[in-house]
Amino acid sequence: MAITMKEIEHLAKLSRLALSNEEKERLTGEMQSILAFADKLSSLETEADPTMFAADGKNVFRKDEVKPSLSPSEILQNAPQADMECFVVPKTVE
Amino acid sequence: MKYETVIGLEVHAELSTKTKIYCSCENSFGGDTNTRCCPVCIGLPGALPVLNKTVVDYGIKAGLSMHCDIASYCKQDRKNYFYPDLPKAYQISQFDLPLCEHGFVEIDTDEGMKKIGITRIHIEEDAGKLLHAEGANFSLVDYNRGGVPLIEIVSEPDLRSPEEALAFLEAIKSTLQAIGVSDCKMQEGSLRCDVNVSVRPEGQKEFGVRSECKNVNSFHAAARAIRYERDRQIAILEAGGTVEQETRRWDDTKGESFVMRTKEEAHDYRYFPEPDLMPIFVDEAWKENLRNSLPELPSEKKKRYVENYDLPKYDAGLLSASLGLSKLFEEAVGEGAKPKTVSNWLLGEISKILNETLMEAEDIPFGGKALAELISMIESGTISGTIAKQVLPEMFNSDKNPKQIVEEKGLAQISDEGAIMEIIHGVLSQNEAAVNDFKAGKDKAIGFLTGQVMRASKGKANPGVIQAKLREALEALK
């Protein structure tokens, strides 16, 4: 499948990224070559079912037992901005 | 033209597990912001989720109670979308292989029992909570709710009216509560729903274009949103327009819905299998174990109440739908109280208090024993029904039993004839006009005077004794 500028703009919108025209053009080319690389797989002759998991394993569970959480100050220590023990984000009222 | 409304619901229920779905942070409501968080549930790079087994157990139980097939193999997927309440920028959910499929629940309609199909039930994580300060140019995020386990129950478009949708929601709620997988507290957001509505000319086979309404936070709001959407779509069609497929946001205070965003873009979630979580295999033994652990379901309970306690279907339906009310009912009846009398109290005065205080029946602070005690005090003549209605709020407000309340407040009924006669004489001397009416043959005056005596005794006088003694006193004056 060919990646067009339109696809890049759509993805940028979904990811809330503001891209310049130069960036869009560069990403169109880069994405195209990534997909082309992955496309090599299609040239393989296989009869196996599609692989959904890279590792083997099933039913990896945890017991429903409470363990201590981190403190709000630890949770917020990497936040670009925090206030009132919360993360501060751009206003998001629909 | 006549139109038919077609409704499908997506119900999100928070599971009442002890911990979150992918980490060991406590799953509870309220408390200080960001106090139940860890690297997994705030989505720090490199943090690895591990599935809580109880979440799968609860999901399977929900599926079994709604007659679903349980998948012997299922997996979890990433649903990608960018929003600040979702720190990883994806929600772990289930896409093409859900835990449960092809079930149904039965609802009571005017035309009898109706089966409403359940398309699927899947497990997923809840998002954090956005807080909007008045006037601020930013929002705050609390991730305590992030990673709280949810099941999403998707119905087939089998519902045809707001009333059917309400009955369906009630059935879901009572079932989930009965099997103990969710407390379904609407005011805490434990149960939320999205409403899909379309209309079509009566007799048409194809469905009309549907809209999806989000932010519906109460059963009442669901019914209102459905009515609004039905009327809006019919008006568009009548005016020769076409209904847009769109996501709308319900505003319950305004009683209107607003377009949120176009469907195409919002639903480009780019799902793919969650590589950090292994697939889930459910074998027969696991399934049967859970099936055997299921308690009596509300529909079965209703039948038993009608058959064993001779309750009217209406009473049995309301009681069995509520875990809190049915527990009190069975406890009180177990203490020897008459089933219908207990039902009247639960569905009358007690439900009235619950409605007024927005309290859930499960949070009633007294047990069935106290209720039985209250009823037996009325039946033994210790207190009147009127006084009992004053005792009841005290039972909600204190941990005292009815006997203590009646004693402390001096509410016991006065049956002593001498004491009542004294009150009667006082009332008669102050109401000469009514006494004269009685003498003139107007029997209606007795009703008025009875009320006055009751009032003078602050509701404590035994009505039977008043009746007898008042007539006696009046006759003596003739």
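Strand E1 of chain A and strand E2 (residues 51–52) of chain B pair in the parallel sense, with two bridges between them. Within this pairing, A:Arg62 has B:Asn52 of E2(B) as its bridge partner. The structure described here is a predicted model, and the pairing of E1(A) with E2(B) is a good place to start a tour of how its two chains meet.

The contact as a whole draws on 34 residues from chain A and 40 residues from chain B. On the side of chain A that touches chain B, strand E1 (61–62), helix H3 (72–75) and strand E3 (86–90) each supply at least two residues. E3(A) gives the most, with five residues. By residue type, this side of chain A divides into 18 nonpolar, five polar and eleven charged residues.

The contribution of E3(A) can be followed into a sheet built from both chains. Strand E3 of chain A pairs with strand E10 (residues 138–142) of chain B in the antiparallel sense, over four bridges. Here A:Val88 stands opposite B:Leu140 of E10(B). Together with their neighbours, these strands form an open sheet of four strands, in the order E2(A)-E3(A)-E10(B)-E9(B), with antiparallel pairing. At the edges lie strand E2 (82–83) of chain A and strand E9 (129–132) of chain B, each of which pairs on one side only. As a reminder for readers following the strands by eye, strands of a sheet pair through backbone hydrogen bonds, either parallel or antiparallel.

Chain B also has strand pairings of its own. Strand E5 (residues 77–80) runs antiparallel to strand E6 (residues 90–93) of chain B, and four bridges join the two. One of the pairs to look for is B:Lys79 with its bridge partner B:Gln91 in E6(B). E5(B) is also joined by two bridges to strand E16 (residues 272–273) of chain B, again in an antiparallel arrangement. In that pairing, B:Arg78 has B:Phe272 of E16(B) as its bridge partner.

On a broader scale, the domain assignment divides chain B into domain 1 (3–289), domain 2 (296–408) and domain 3 (417–477). The centres of domain 1 and domain 3 of chain B, taken over C-alpha atoms, are separated by 62 Å.

Helix H9 of chain B, covering residues 339–357, deserves a closer look. Its 19 residues should span 27 Å at 1.5 Å a residue, and the C-alpha atoms at its ends are 25 Å apart, so the expected and modelled lengths agree. H9(B) nevertheless bends by about 40 degrees at B:Ser351. The buried residues of this helix are B:Val342, B:Ser343, B:Trp345, B:Leu346 and B:Ile350. These buried residues of H9(B) pack against three helices of chain B, namely H7 (313–321), H8 (323–334) and H10 (368–379). After H9(B) comes B:Leu358, whose phi is positive, near 55 degrees.

A final stop is B:Glu163, which lies in helix H2 (residues 162–178) of chain B. With 14 other C-beta atoms within 10 Å, B:Glu163 is classed as partly exposed, because a residue counts as buried at 20 or more such atoms and as exposed at 12 or fewer. B:Glu163 and B:Ile153 are ten residues apart in sequence, and their C-alpha atoms are 19 Å apart in space.

Technical notes
Residues numbered from 1 in each chain as written. Chains lettered and ligands numbered in written order. Predicted model: local features only at pLDDT ≥ 70, side-chain atom pairs only at ≥ 80, totals over all residues. Expected span 1.5 Å × (residues − 1). Bend = angle between axes of the 7 residues up to and from the residue. Contact = placed C-beta atoms within 7 Å. Pairing = 2+ DSSP bridges. Nonpolar A, V, L, I, M, F, W, Y, C, P; charged D, E, K, R; others polar. Domains from an automatic or database assignment.
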